[in-house]
Amino acid sequence: MSYKRHQLWLRFMQNFFGSKWFSYPLLFRARIALYRKSFNMGDSSVIENNVWIYCTHGNQGCISMGQRVLLARNVQIDYTGEVEIEDDVWFSEGASVHSHQHTVTRDRLSRGAATLKTTKVVFRAGCWIGSRAIILPQVNEIGEGAIVAAGAVVTKNVPAFSIVAGNPAKIIRMIDDRHQDSSEV
């Protein structure tokens with residue numbers, strides 16, 4: 001498999017600048033600046049170490065990120081399809097997003113562009129993806145203010161202001177404006 005020069009640069013940049021060495025205050029700013037420029041990110045975002053943002057199969061995927069986005073350690077975002085992240089979205093440690101899949105046929109070993117199906121995933125403003133949650137390519141939208149619990153495997157759209165958990169993820173409750181004790185979650 002061959003990668004275009006731009007994809008090679010992005011992989012090198014993430015290996016080098018994504019290391020723990022670039023977690024120190026002055027070096028951290030260099031990491032943020034490079035990620036912002038390389039991945040169309042808004043202002044005031046936080047990118048911790050070992051974050052992988054990648055496009056596979058030589059595709060021309062598309063990614064855009066709003067302002068104040070948090071990408072915690074070990075987050076992985078596949079933008080082989082299209083990924084749109086609005087303002088104030090948080091990805092906790094180890095969360096992963098997938099924007100492509102392969103069609104399954106009897107001759108599953110005949111891989112290539114013909115078997116590739118790309119999708120678009122939108123993360124609406126203020127949503128929060130929990131630690132080690134997995135967003136599969138069937139998902140088109142994580143709604144505004146929604147929370148995906150840690151370890152959830154999301155296989156369908158998540159409504160705005162809902163909390164989903166489990167494998168497959170299901171709505172466990174809706175978020176309302178009343179103050180609630182965190183032990184109720």
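Which loop holds Pro168? The one between β17 (162–165) and β18 (170–174). Keep that loop in mind. The peptide bond leading into Pro168 from Asn167 is cis, with omega near -5°. One caution before going on: this is a predicted model.

Let's start at the N-terminal end, with Trp9. Trp9 sits in helix α1, residues 5–17. Its relative accessible area is 36%, so Trp9 counts as partly exposed. What does Trp9 touch, once residues up to four places away in sequence are set aside? Leu34 and Ser38. Ser38 is 29 residues from Trp9 along the chain, yet their C-alpha atoms are separated by 9.5 Å.

Ser38 brings us to helix α2, residues 25–38. This helix has 14 residues. From first C-alpha to last, α2 reaches 20 Å, close to the 20 Å expected at 1.5 Å a residue. Which residues of α2 are buried? Arg31, Ile32 and Tyr35. Those residues cover an arc of only 95° around the axis, so they lie on the same side of α2. What do they pack against? Helix α1, plus strands β1 (46–47) and β2 (52–54). Now turn the helix over. The face away from the buried side carries exposed residues: Leu26, Arg29 and Lys37. Just past the end of α2, Asn40 has a positive phi of about 55°.

Next, the core. The largest nonpolar core has 40 residues. Which members touch the most other members? Phe39, Leu71, Phe91, Phe123, Ile129 and Ile142. Several elements give two or more residues to this core: α1, α2, β3 (62–65), β6 (82–85) and β11 (120–123). Helix α1 gives the largest share, three residues.

Take Leu71 from that list. Leave aside its neighbours within four places in sequence. Leu71 is then in contact with Met41, Val46, Ile47, Glu48, Val51, Ile53, Met65, Ile77 and Phe91. Phe91 is itself one of the core members with the most contacts to other members.

On either side of β4 (70–71) there is a loop with a backbone feature worth a look. Before the strand, Arg68 lies in the loop between β3 and β4. Phi of Arg68 is near 60°, positive in a residue that is not glycine. Is Arg68 buried, partly exposed or exposed? Partly exposed, because its relative accessibility is 37%. After the strand comes Asn74, in the loop between β4 and β5 (76–78). Asn74 is not a glycine either, and its phi is positive, about 65°. With a relative accessible area of 28%, Asn74 is also partly exposed.

Last, the sheet. Seven strands form an open sheet with mixed pairing. What is the order? β1-β4-β7-β12-β15-β17-β18. The edges are β1 and β18, each pairing on one side only. Look at one pairing inside that order. Strand β12, residues 128–129, runs parallel to strand β15, residues 147–148. Two bridges join them. Trp128 stands opposite Ile147 in β15.

That takes us back to the opening loop. It lies between β17 and β18, which come one after the other in the sheet order. The cis bond from Asn167 to Pro168 therefore belongs on your list when you look at that edge of the model.

Key
Residues numbered from 1 in each chain as written. Predicted model: local features only at pLDDT ≥ 70, side-chain atom pairs only at ≥ 80, totals over all residues. Heavy atoms only, no water. Helix = DSSP H or I, 4+ residues; strand = E, 2+ residues; numbered from the N terminus. Buried < 20%, exposed > 50% of the residue type's maximum accessible area, 1.4 Å probe, protein only. Contact = heavy atoms within 4.5 Å. Expected span 1.5 Å × (residues − 1). Arc of directions from axis to C-beta. Core = buried A, V, L, I, M, F, W, Y, C linked by side-chain atoms within 4.5 Å. Pairing = 2+ DSSP bridges.
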